[in-house]
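Please go through the model below, taking a salt bridge first, then a sheet with its helices, and lastly the contact between two chains.

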Amino acid sequence: MDLTVRTEGGVPVVRVKAVALDASTALAFKRDMEPILAGHETVIVDLSDVDLMDSSGLGALITCFSRLKSNSGRLCLAGPGDSVRYSLELARADRLLDLFNTAEDALAACREPDGD
Amino acid sequence: MVDMKDQTARPDLRSELEDLAAPLARRLGLTLALYPVDGRSVAGQPVWLSGPPTDRDPDGVVEVTSRGVTSGQVALWSAEGEGAGGAVAEVSRLIGLIADRLRLETQERDLLDELSASWENLEAVYDISSDLHSLKGTPELLAMIIDRAVTADRDLKAVMWIESDGRLVPAAARNASPPPELPLTGGLIGTAISSRTDMVLTDRHEIDRASEVEPEFARATSLAVAPVTTSVGLKGALSVWREDDQTPFDSRVIHLLKALALQAAMVIENDRLHQEALENELIRQEVEIGSDIQQSLLLGTPPGKLTNMRVAAVSLASRQVAGDFYDFFRHRGYLLDVIVGDVMGKGIAAALLGAATKSQFLRSLTHLTAFAGRIRLPDPAAVVSDLHAEVVPELITLDIFITLCYARIDLGRRVMEFVDCGHTEIIHYQKREGRCQRLKGDNLPLGFVAEETYRLVTLPLHEGDMMFFYSDGVTECRRPDGEMYGIERLVEMVEANADLNPQAVIDGVKSSLIEFSGHDTFEDDVTCVALKIVGADETEPPVDRIELDFVSELEEATAIRMFVRSFCVAQQGRGLSDSALARLLLAVHEAATNVVKHAYESRQGNVINVVVEEFQTQVNVNISHQGRDLDLSTVPPPEFDGTRDGGFGLYIIEESVDEVRYFDDNEGRHCVSLVMKKDK
């Protein structure tokens, strides 16, 4: 499990390089996300490479979401595949997290000024 | 309309005599005079039609009668000194012929009048008949009928009397203020009704006598009463009278009045039947509403998507609303609570108490679930204790008690736990023994005592077992000879149908009860809940099968998933759609992860055995281990609001595949079986 990060306009886009975000990779994911979450309000996680996300992976994402939310931040997910999307819908996480088809869409949405 | 006054159209005796008899009389030198007659005596001066007036005795007299009444006398005198001779006889004969002709013409006219009156009656009756079928109300119809009666003369007075509660009341009136009621017998109208005779009074004395009982006739100069009795015996009368001195009523009036009176009586009879039907309809609606309340408030819905359980329920309402209730709580696909209860007593009060108790269950469950620090499902005894605290003080005050049975079917642990508060026994069909046992707890009905300790009874469950809950309306159902259906018959029915699905078992019991009692409605509510433990169909061998052992490590979850995937994508996808396969693989991944993390607690050196099988209608994945058996009831449910990051695993498994079973296999290994049905 590897994370590659690029920052655009102050917003980090984290690409998850792992076949599965599951029990075997969730811990490492959480550990590696920690510094990124600490330093930013809005974070985009790109899941284009992830084939499957199980309950452990979900849990890890929820942990990140809670972390950002407590600082009034925002977690965006980009490029979820069919299986990942299904897992998110089952857990109703698609209501909590913002989903976008591509990282670019997510960036565009994040650059918009916040409403009142 | 019959015109009872008009006489001008009628041929006049006098003018006929003047035209026909007088010229002949003059030629013959006879003297003719017409004397008007009133009653039986000559009244008034004669009319001299021919010849000089004379006071000699007449040589001939011809009486002219009309309708049986003498209307005139014609006197003839021959010329002075000739005496009654041929001329007098001839002219007498002529006058006789004229009188006959007049009589015939009058009769003919009378008949025509009668006929036209009949037509008018028919017309009146027809008009009103067609209105009976319209949407006009009873008062309007009666008004129309009475208007018909008085159309001839705006000053005519009319009252329609109808029998009600042993006396006569005025149903409609025109130009009159009748008294509020009259006796049914005695008095003119009562007499007309009881003797079934039409009455026409024109005599002042008779009218005075009548008005002693019926004061509205006090100023009548002529009066007609037409009584009527309808086919169902409803009595009534239409009375019509005038207070001026016009021509008195005759038979034509009576015919019309009779027709109208009958119409009016029928209208009123119709109205009464309608009222009765309306009342019955209201009662029927009330019973229906009561039964709707019963269905929606008292009876829960048996859950569908259960893992390895099938549930069916029915409650047949008795003739009155009563207090049987049942409800279901599905905690997990394999974890189901069943509550059946019976409020002693009938009627809306019992039904409301039943509904309140049923809803209190959910509150107690929720309250206890939230209260525990570590979220854990409260056991049935704890729930009933909480319910007792909320409900029993009220029951004691109201002096009502409730029997109930609260059962929990846990297929994770493969047990049933229940609390029985004075309810009927649970019939438990044991597949392995091939027969039923009857289960009882020893708690008292709710409302008997203020303090009670609730005891949990636990027993193991096996595939093919069936639970049958019922209300005493079933066992206490009676045959015409008084014998009760009884528990033995019910047990026989369950045993006989034990291989069928629960709905079929319930249908069988229902038919048996209807046949036994001879009715399809019952004295007391008949309530049944049937629950069967089912499993994947293991009797047919798999079409294809692979098996492999894996090392228990988190990273192996992906390997296991790939292993299952490789089997499933062969043979044109094994009948699973892409999305079905994706969901199955997710469930496999989760289940394998659970075994590593929880069953083996992430210890090294353990084995996970995976078997994948394709059957005719489904694909099975079996994951077995020899680690710790998972106590699934202690796993908390997921939270969807982002406040907890755990608890999704079991939820994902259950929601992704069609069936999940937890069991031990023949070698003592703990197994999780995931079933995905093929696409049709």
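In this predicted model, E243(B) and R219(B) form a salt bridge in which the closest N and O atoms lie 3.5 Å apart. The two residues belong to distant parts of the chain, 24 residues from one another: E243(B) sits in the loop between β11 and α6 (251-298) of chain B, whereas R219(B) sits in the loop between α5 and β10 of chain B. Over all chains, the structure holds 31 salt bridges.

Several of these elements return in the sheet of chain B, an open sheet of six strands that run in the order β8-β7-β6-β11-β10-β9 with antiparallel pairing. At its edges stand β8 (182-183) and β9 (199-201) of chain B, and because each has a single partner strand, one side of each is left without a neighbour in the sheet. The partner of β9(B) is strand β10 (residues 222-229) of chain B, to which β9(B) is joined in the antiparallel sense over three bridges; M199(B), for instance, has V225(B) in β10(B) as its bridge partner.

Two helices that pack on this sheet can be followed next. Helix α3 (residues 138-150) of chain B touches β6 (157-164), β7 (167-174) and β11 (235-242) of chain B, and its direction makes about 70° with that of β7(B). Helix α5 (residues 204-213) of chain B, in turn, touches β8, β9 and β10 of chain B, its direction making about 115° with that of β9(B).

What, then, is found between chain A and chain B, in residues in contact and in area buried? Here 22 residues of chain A are in contact with 22 residues of chain B, and the area buried between the two chains is about 1,800 Å², with carbon and sulfur atoms giving 63% of it. Of the area that chain A buries against chain B, 27% is supplied by L52(A), Y86(A) and L90(A), which is more than any other three residues supply.

Between chain A and chain B the count of salt bridges is zero, while the count of residue pairs in polar contact, both residues being at pLDDT 80 or more, is three. On the side of chain A that touches chain B, α1 (23-39), β5 (52-53), α2 (55-69) and α3 (82-90) of chain A each supply at least two residues, and α2(A) gives the most, with seven residues. Sorted by class, that side of chain A comprises eleven nonpolar, seven polar and four charged residues.

Methods
Residues numbered from 1 in each chain as written. Chains lettered and ligands numbered in written order. Predicted model: local features only at pLDDT ≥ 70, side-chain atom pairs only at ≥ 80, totals over all residues. Heavy atoms only, no water. Contact = heavy atoms within 4.5 Å. Buried area = accessible area lost by both parts, 1.4 Å probe. Salt bridge = Lys/Arg side-chain N within 4 Å of Asp/Glu carboxyl O. Polar contact = N/O pair within 3.5 Å; in protein donor to acceptor, adjacent residues only side chain to side chain. Helix = DSSP H or I, 4+ residues; strand = E, 2+ residues; numbered from the N terminus. Nonpolar A, V, L, I, M, F, W, Y, C, P; charged D, E, K, R; others polar. Pairing = 2+ DSSP bridges. Axes fitted to C-alpha atoms, helices over the stretch in contact; angles between N-to-C directions.
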